[in-house]
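Let's take a walk through this structure together, one piece at a time. Keep the view open beside the text as you read.

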Amino acid sequence: MQLRDTLKVMVVDDMPTSRGLIVQALEEMKIWNNTTENNGQTALDRIAQKPVHLVLSDMNMPVMNGLELLEKLRSHGATKGVGFILITGKPTSEIVQKGRALGMNNMIKKPFTTQQLKACIEQVVGRI
């Protein structure tokens, strides 16, 4: 059994099109065990009930943005070890520095290809 067969991924993005494109890329990688949420707060609530291995989160979302979600995940014992990749169209140095300080595992800039996302994920979880 390969890692991709057991890896649980949550995609968090407020834009349905973006969520769909990320899920499509995951499915092209044969990562089938994925779920989606449209903001950080609902993602946090769901992860508390049903843990995942990796979160792919957009930066700019209503209710709770990506860095706020990361901070909440890292502040709870049950979720502090969850892999976290921030997805943003504008990776400013401030966002990058704050993300690293909060424990972000990796980051990818929109737009990206499936191969770029795969490489980004593999840097966090290993070969898939």
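A good place to begin is where two helices touch: Gly40, Ala43, Leu44 and Ile47 in H3 meet Leu69, Lys72 and Leu73 in H4. Sorted by character, the residues of this contact are five nonpolar, one polar and one charged. Please keep in mind that the model you are looking at is predicted.

Now step back to see how these two helices lie. Helix H3 covers residues 40-49 and helix H4 covers residues 66-74; they pack at an angle of about 25°, and their axes are 9 Å apart. Because angles under 35 degrees count as roughly parallel, H3 is roughly parallel to H4. Where H3 passes H4, the crossing is right-handed.

From H4 we can move on to the strands. H4 lies across strand E1 (9-12), strand E3 (54-58) and E4, and its direction is at about 170° to that of E4.

These strands belong to an open sheet of five, in the order E2-E1-E3-E4-E5, with parallel pairing. Which strands stand at the edges? They are strand E2 (34-37) and strand E5 (106-109); each has a single partner strand, so one side of each is left without a neighbour in the sheet. From one strand to the next, the twist averages 20°.

In general, strands of a sheet pair through backbone hydrogen bonds. For an example, look at strand E4 (residues 83-88), which is joined to E5 by four bridges, the two running parallel. Here you can also find isoleucine 87, standing opposite isoleucine 108 in E5.

Technical notes:
Residues are numbered from 1 along each chain as its sequence is written. This is a predicted model: local features need pLDDT of at least 70, side-chain atom pairs count only at pLDDT 80 or more; totals for chains, interfaces and linings use all residues. Side-chain values use heavy atoms; hydrogens and water are left out. Axes are lines fitted to C-alpha atoms, for helices over the stretch in contact, and angles run from 0 to 180 degrees between N-to-C directions. Angles under 35 degrees count as roughly parallel, over 145 as roughly antiparallel, 65 to 115 as roughly perpendicular and the rest as oblique. A crossing is left-handed if the near helix is turned anticlockwise from the far one by less than a right angle, and right-handed if clockwise. Contact means heavy atoms within 4.5 Å. Ala, Val, Leu, Ile, Met, Phe, Trp, Tyr, Cys and Pro count as nonpolar, Asp, Glu, Lys and Arg as charged, and the others, Gly among them, as polar. Two strands pair if DSSP finds at least two bridges between them.
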